[in-house]
Amino acid sequence: MRALVYRGNGELALEDRPVPVLRDEKDAIVEVTLTTICSSDIHIRRGAVPRAVPGTILGHEFVGRVVQIGNAVKKVKPGDRVAVNVETFCGECFFCRRGYVNNCTDAHGGWALGCRIDGGQAEYVRIPFADNGLTVIPDSVTDEQALFVGDILSTGFWAARIGEISPADTVAVIGAGPTGLCTMLCARLYTPARIIAVDTDEFRLNLALARGLADVGLVPGRDDIEGAIRKLTQGRGADTVLEVAGGADTFQTAWKIARPNAVVVVVAMYEEAQPLPLPEMYGKNLIFKTGGVDGCYCQEIMDLIACGKLNTDFLITHRCGLDQILDAYEIFEKKKDHVIKFAVRP
Ligand SMILES: [Zn+2]
Ligand SMILES: [Zn+2]
């Protein structure tokens, strides 16, 4: 089968690989029907993910059809259309039992797919702990609608959930990229008074405004971000800040625009350390919550898509086959042609 492999040292290549086989009674083999590229794949390519293993097939955001299951798999059966969770988790360890599946202590627990074990930018993939990692897609939901359930929608859903958003709050979301847009969509579920989107990319901000995800769009450099947010909140600052950008100074913006006692959720994956100027924030009594996602709400997300409360159709701006995926990486990484997300068909 064809597969996109991370070879290390910034190199990616399409290779012919054997079709994976079951290795454990909790495994399933899934035929990938639609896959995509995530900014985390770009982080791997750049060497910013130390745990990524060279030789691994990339891809942790995809949907498919179950073709084979191990003896212990109960939830899914061959023929089921499924969304795949970015995280592998046993469901039984200390962290899994508390819902902190990102820190599952199994050898393959956490973000393993397309990082430490072969992922889904390929025709077939082996999914460990299939009962936890797969969510059945109902007939009324298309592959494109379900494509982001396991990764960026899970991230947005988790971020909004731990952001402790109350009705009529002011929520600031830094970053209007694919994950930022998903985060705004999920923050909407909590009926805030307004969502303020901050991004340097005006095209993406306008998309957030046009789709009704954000009420106000602010551009660093063009707008006084802190001042504008204070003006909208009687001088207080945002009740919840969701930092999804991971830029050079976005963490500083995040805590500055937060009101005292706000929750600041740091979703972003930085490539460099960030200063934490505690003397300057003293008295602000902020609550920081840091990434990464505990991706164990895929069923809730699927239900919200099925009933029309979440719709990420518009994120797919580009489509191609697996053979064109290297070109797709180039376009996605450089944000050419106003790309938001690719849908790649193996
Ligand atoms: Zn991802
Ligand atoms: Zn576990």
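These legends walk you through a few close-up views of a predicted model.

**View 1. The buried side of helix H12.** Let's begin with H12, which spans residues 325-333. Four of its residues, Ile325, Ala328, Tyr329 and Phe332, are buried. They lie on the same side of H12, because the arc they cover around the axis is only 105 degrees. A general rule helps here: an α-helix has 3.6 residues a turn, so residues three or four places apart point the same way.

**View 2. What covers H12, and what faces away.** Look next at the surroundings of this helix. The cover over the buried residues of H12 includes four strands: S1 (2-8), S2 (11-16), S17 (316-321) and S18 (341-345). On the face of H12 turned away from its buried side, you will find the exposed residues Leu326, Asp327 and Glu330. After H12 comes Lys335, which has a positive phi, near 50 degrees.

**View 3. Helices H5 and H6 crossing.** Now move to H5 (residues 152-162) and H6 (residues 178-188), whose axes come within 8 Å. The axes cross at roughly 50 degrees, and the two helices are therefore oblique to each other. The crossing of H5 past H6 is right-handed.

**View 4. The residues where H5 meets H6.** Here is a closer look at the contact itself. H5 contributes Ile152, Leu153, Thr155, Gly156, Phe157, Ala159 and Ala160. From H6, they are met by Pro178, Thr179, Cys182, Thr183, Leu185, Cys186 and Ala187. Sorted by class, this contact of H5 with H6 holds ten nonpolar and four polar residues, with no charged ones.

Technical notes:
Residues numbered from 1 in each chain as written. Chains lettered and ligands numbered in written order. Predicted model: local features only at pLDDT ≥ 70, side-chain atom pairs only at ≥ 80, totals over all residues. Buried ≥ 20, exposed ≤ 12 C-beta atoms within 10 Å, placed from the backbone. Arc of directions from axis to C-beta. Contact = placed C-beta atoms within 7 Å. Axes fitted to C-alpha atoms, helices over the stretch in contact; angles between N-to-C directions. Parallel < 35°, antiparallel > 145°, perpendicular 65-115°, else oblique. Left-handed = near helix turned anticlockwise from the far one by under 90°. Nonpolar A, V, L, I, M, F, W, Y, C, P; charged D, E, K, R; others polar.
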